[in-house]
Amino acid sequence: APAGTLTEAFAWLLAAVSIGTTAGSAVAGGLAQGAGPGAVFTFAAGAGVLAVLVTAVGSHTLGAAGRRTPAMLFDDCVPS
């Protein structure tokens, strides 16, 4: 995240995880009631594969200048 936007970046990450978890639970619940547990495991595996593919494709859009090490994340938190 660019300097000064670390809180917003984590807020977007948390929102994406929350929405994905909610949607996944809703779909899995419907599948479990309608098609049984096998369908739920297939759905979960498919979602995992999709997540890996999205990550692999999306990682190519990041340039080396935009990458930060974990130690650099805390630079924004510590007052200078």
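**Exercise 1. Find the residues that form a nonpolar patch on the surface, and work out where Val17 fits in.**

Step 1. Phe10, Leu13 and Val17 make up a nonpolar patch on the surface, and together they have about 290 Å² of accessible area. A patch takes residues with over 30% relative accessible area and no salt bridge, joining like charges within 9 Å and nonpolar side chains (Val, Leu, Ile, Met, Phe, Trp, Tyr) within 5 Å. A salt bridge here is a side-chain nitrogen of Lys or Arg within 4 Å of a carboxyl oxygen of Asp or Glu. Areas come from the Shrake-Rupley method with a 1.4 Å probe, and for residues only the protein chains shown count as cover.

Step 2. Val17 sits in helix 1. Val17 counts as partly exposed because its relative accessibility is 48%; buried is under 20%, exposed is over 50%, and partly exposed is in between (1.4 Å probe, protein chains only).

Before going on: this is a predicted model, where local features need pLDDT of at least 70 and side-chain atom pairs count only at pLDDT 80 or more, while totals for chains, interfaces and linings use all residues. Residues are numbered from 1 along each chain as its sequence is written, and side-chain values use heavy atoms, with hydrogens and water left out.

**Exercise 2. Describe the protein chain as a whole.**

Step 1. Count the elements: three helices and zero strands, running α-α-α from the N terminus. Both are DSSP runs numbered from the N terminus, helices being H or I with at least four residues and strands E with at least two.

Step 2. Check the surface: 5% of the 80 residues count as buried. The accessible surface is about 6,200 Å², with 75% of that belonging to carbon and sulfur atoms.

**Exercise 3. Say what lines the second largest pocket.**

Step 1. The lining is Gly20, Gly24, Phe43, Ala47, Leu50 and Ala51.

Step 2. Sort the lining by type: four nonpolar, two polar and no charged. Ala, Val, Leu, Ile, Met, Phe, Trp, Tyr, Cys and Pro count as nonpolar, Asp, Glu, Lys and Arg as charged, and the others, Gly among them, as polar.

Step 3. Helix 1 and helix 2 (37-59) each supply at least two lining residues, and helix 2 gives the most, with four.

**Exercise 4. Place Gly24 and Val27 relative to Val40.**

Step 1. Gly24 is in helix 1, and so is Val27, with that helix covering residues 6-34.

Step 2. Gly24 is partly exposed because its relative accessible area is 21%. For Val27, 38% puts it in the partly exposed class.

Step 3. C-alpha to C-alpha, Gly24 and Val40 are 9.9 Å apart, with their positions 16 residues apart in sequence. Val27 and Val40 are 13 residues apart along the chain, and their C-alpha atoms are separated by 8.5 Å.

Methods:
On a 1 Å grid over the protein atoms alone, a cavity is a set of points where a 1.4 Å probe fits but cannot get out, and a pocket is an open set with protein on both sides within 12 Å along at least five of seven lines; lining residues have an atom within 4 Å of a point.
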